[in-house]
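Visitor: Please take one helix pair and the space beside it, and go through that part closely.

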Amino acid sequence: MNVYWTLLYAFVFSTSLTGLLITPARAVGWVDRPAIRKHHSHPVPLIGGVAMCIAFCGTLWLMPDNSDGYMGLLTGMAALALIGAYDDLRHIRPTIRLVLQAAVVLSVMVWDNRWLTNLGDLVGWGAIALAGFALPFTLFGVVGIINAFNLIDGLDGLAGGLALIAAGWLAVLCLTAPAPDPGAAAALMALAAVLAGFLAWNLRHPWRQRASVFMGDAGSTLLGFALSWFLVDLSQGEQAVMAPITAVWILAVPLLDTVAVMIRRLRAGLNPFAADRQHLHHLLLVAGLSDAKVTAILLATALITGGVGAAAWWLNVPEYLQFGAFLVLSLLYYQVTTRCCIRQQATELTGSDRREGVAEPTWP
């Protein structure tokens with residue numbers, strides 16, 4: 001099938017299936033109900049992730065040249081979507097969820113024989129080979145990205161938009177590489193088309209004031225895994241279409257947000273997976289921006305950081321300079337968002353707790 005017809009099929013399949021699942025999801029109670037920390041006032045179906053998984057798997061099967069090479073990816077996505085869907089319905093303890101995710105990721109890595117063997121020249125002394133640490137390092141990184149997407153899925157269109165932008169940059173890199181990889185580019189474009197079909201129901205715009213569906217843990221989990229799979233596959237070996245550090249720039253927004261939030265929680269003696277309102281989108285909302293504006297700002301930022309990573313690769317910027325620049329960006333991000341968190345807590349105390357004699361918040 002012509003690639004353009006395949007992409008159209010992926011978009012229509014995703015859009016149609018998502019719409020068809022809304023009514024049965026409401027009937028069985030497969031919905032996200034309103035709560036204090038949430039931004040919706042009515043139950044919203046959590047079927048976006050399952051719909052995307054089915055649509056993407058169905059689309060890749062139409063690509064006979066690709067289907068065999070992606071069996072591990074599709075199997076892992078399906079398994080993680082099932083785990084996420086069960087978590088949406090019954091709520092799995094974080095520790096158990098992590099173990100299940102790690103088991104799936106490890107199985108796929110061994111099955112596909114795909115993992116990070118080197119991290120590139122991050123310090124200017126040559127490529128850093130992982131040797132015996134390749135498997136555990138890859139496992140840690142992939143599970144980390146999976147949960148980064150899960151944690152940043154807090155606004156309509158945000159996680160889906162970030163995944164679409166990442167898939168788009170990866171497809172561009174595949175097509176512009178010295179040894180292009182049109183098969184991987186087609187698969188990534190199919191993923192982008194499936195995401196666009198979901199966003200037609202999830203993203204706010206002038207004709208849609210709120211999301212009709214959410215992707216749920218099933219969606220954020222499978223998207224984090226799928227992007228991780230491609231990032232590992234495309235950054236290793238002689239035919240790599242990018243450097244490992246390029247992948248970090250492409251996923252800069254969810255990575256920076258997740259690492260900063262977890263560091264603050266650990267320094268405060270809290271569970272790193274505990275729910276709070278320290279994510280960047282929460283801070284921007286507290287600053288008075290609307291949900292749609294916050295989503296637009298973060299998606300624009302992801303588009304820019306991905307472009308920086310791709311441009312650095314195309315211009316042959318030394319990897320250690322790219323790594324150093326990212327470390328500086330990470331430090332600035334942490335400092336700025338931490339100050340915002342402190343001001344936010346101080347404001348909350350001024351409005352309520354100070355009247356009861358509660359002490360100022362302290363940060364380590």
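Guide: What follows covers one helix crossing and then a cavity.

This is a predicted model, where local features need pLDDT of at least 70, side-chain atom pairs count only at pLDDT 80 or more, and totals for chains, interfaces and linings use all residues. Numbering runs from 1 along each chain as its sequence is written, and side-chain values use heavy atoms, without hydrogens or water.

Start with helix α5 (residues 94-112) and helix α6 (residues 134-152): their axes come within 10 Å and cross at roughly 125°. Helices here are DSSP runs of H or I, at least four residues, numbered from the N terminus. Axes are lines fitted to C-alpha atoms over the stretch in contact, with angles from 0 to 180 degrees between N-to-C directions. So α5 is oblique to α6. Oblique is what remains after under 35 degrees (roughly parallel), over 145 (roughly antiparallel) and 65 to 115 (roughly perpendicular).

On the α5 side, the contact is made by L98, Q101, A102, V105, L106 and M109. L135, T138, L139, V142, V143, I146 and N147 make it from α6. Contact means heavy atoms within 4.5 Å. By class, these residues are 10 nonpolar, three polar and no charged.

Now the largest cavity. About 90 Å³ of space lies in it. A cavity is a set of points on a 1 Å grid where a 1.4 Å probe fits but cannot get out; lining residues have an atom within 4 Å of a point. Its lining includes V105, M109, T138 and V142. Also among the lining residues are D112, R114, F225 and W229. α5, α6 and α9 (216-235) each give two or more residues to this lining.

Methods:
Ala, Val, Leu, Ile, Met, Phe, Trp, Tyr, Cys and Pro count as nonpolar, Asp, Glu, Lys and Arg as charged, and the others, Gly among them, as polar. On a 1 Å grid over the protein atoms alone, a cavity is a set of points where a 1.4 Å probe fits but cannot get out, and a pocket is an open set with protein on both sides within 12 Å along at least five of seven lines; lining residues have an atom within 4 Å of a point. Grid points are joined across faces, edges and corners, and a volume is the space filled by probe spheres set on the points.
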